[in-house]
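Colleague: I'm new to reading protein models. Could you walk me through a few features of this one?

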Amino acid sequence: MRFLLARGWELGQVMRCSRLPLPPDEEALGTVRERARSAAGDAYRLHTWVGRSPERWVDDLAALETRMSTDAPAGGLDEPEDVWTAERWRDEEERSISGPRTRFTAVVEHVASGRLVGFSQVEAPADRARPAFQQDTLVLREHRGHRLGWLLKVATTDLLLAERPGHPAVFTFNAEENRPMLDVNEAVGFVPFEHEGAWSKKL
């Protein structure tokens with residue numbers, strides 16, 4: 001830190017790296033699952049899949065990925081909007097699923113509008129002795145307060161356990177100021193094991 005500060009760098013954000021041992025504590029996971037389902041009620045519908053995304057959801061997924069750059073906590077970092085199109089989503093997805101990793105996706109549909117308002121993804125390597133990694137998770141700002149993040153986190157965990165049992169853990173990375181998502185992770189059973197700093201410098 002002294003090295004960076006002396007050269008004009010600024011600490012913009014601290015990321016917490018956490019680990020969920022698998023299989024998780026089913027009692028804890030079940031409690032989170034039931035509370036999330038109760039809070040979401042009939043206004044939201046959960047969908048999950050493995051691998052390639054259904055065509056009907058690609059436009060919404062691209063919109064959600066765009067909102068990752070504006071709705072996710074950025075701390076003191078200057079994060080410009082990163083626009084995703086359906087074509088960009090498909091290109092990135094094809095590159096991912098053509099490799100040795102398997103992608104597990106959970107999304108939440110707002111029933112009244114028929115649009116996706118949240119998503120979460122986990123990717124697991126072919127070697128089941130290695131951990132899986134949590135990728136992006138987001139609930140749109142206007143739909144927060146219904147424990148949809150809890151619903152998504154449990155859904156990806158359930159999907160991974162059902163489709164690819166045997167991985168020792170899931171690793172995830174969250175902004176330290178993102179207390180709502182940290183609450184989800186801690187309730188499910190994630191335990192922090194390190195912190196990383198994100199730094200920036202104006203040139």
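Modeller: Let's go through helix packing, a cavity and some backbone details. This is a predicted model, so to speak plainly about the ground rules: local features need pLDDT of at least 70, side-chain atom pairs count only at pLDDT 80 or more, and totals for chains, interfaces and linings use all residues. Residues are numbered from 1 along each chain as its sequence is written, and side-chain values use heavy atoms, with hydrogens and water left out.

Colleague: How do I read the packing of α2 and α5, and at what angle do they cross?

Modeller: Helices (H or I, at least four residues) and strands (E, at least two) are DSSP runs, numbered from the N terminus. Axes are lines fitted to C-alpha atoms, for helices over the stretch in contact, and angles run from 0 to 180 degrees between N-to-C directions. Here, the axes of α2 (residues 26-40) and α5 (residues 148-163) come within 8 Å and cross at roughly 135 degrees. That makes α2 oblique to α5 (under 35 degrees is roughly parallel, over 145 roughly antiparallel, 65 to 115 roughly perpendicular, and the rest oblique).

Colleague: Which residues of α2 and α5 make the contact?

Modeller: Contact means heavy atoms within 4.5 Å. On the α2 side they include Leu29, Val32 and Ala36, and on the α5 side Leu148, Trp150 and Leu151 are among them.

Colleague: And how do α5 and α6 pack?

Modeller: The angle between α5 and α6 (residues 179-188) is about 45 degrees, with the axes 9 Å apart. The two are therefore oblique to each other. Trp150 and Val154 of α5 are among the contact residues, as are Met181 and Val184 of α6.

Colleague: How many cavities of 30 Å³ or more does a search find?

Modeller: Rolling a probe the size of a water molecule over the atoms shows where empty space is left. On a 1 Å grid over the protein atoms alone, a cavity is a set of points where a 1.4 Å probe fits but cannot get out, and lining residues have an atom within 4 Å of a point. Grid points are joined across faces, edges and corners, and a volume is the space filled by probe spheres set on the points. The search finds one such cavity, with a volume of about 30 Å³. Its lining includes Val122, Leu160 and Phe190, and the largest share, four residues, comes from α5.

Colleague: What about the backbone?

Modeller: Most residues other than glycine have a negative phi, and most peptide bonds are trans. In this model, a cis peptide bond joins Leu22 and Pro23, with omega about -5 degrees. Pro23 lies in the loop between β1 (10-21) and α2. Arg147 has a positive phi, near 55 degrees, and sits in the loop between β5 (132-139) and α5.

Conventions:
1 Å grid on protein atoms, 1.4 Å probe; cavity = no way out; pocket = protein on both sides within 12 Å on 5 of 7 lines; lining within 4 Å.
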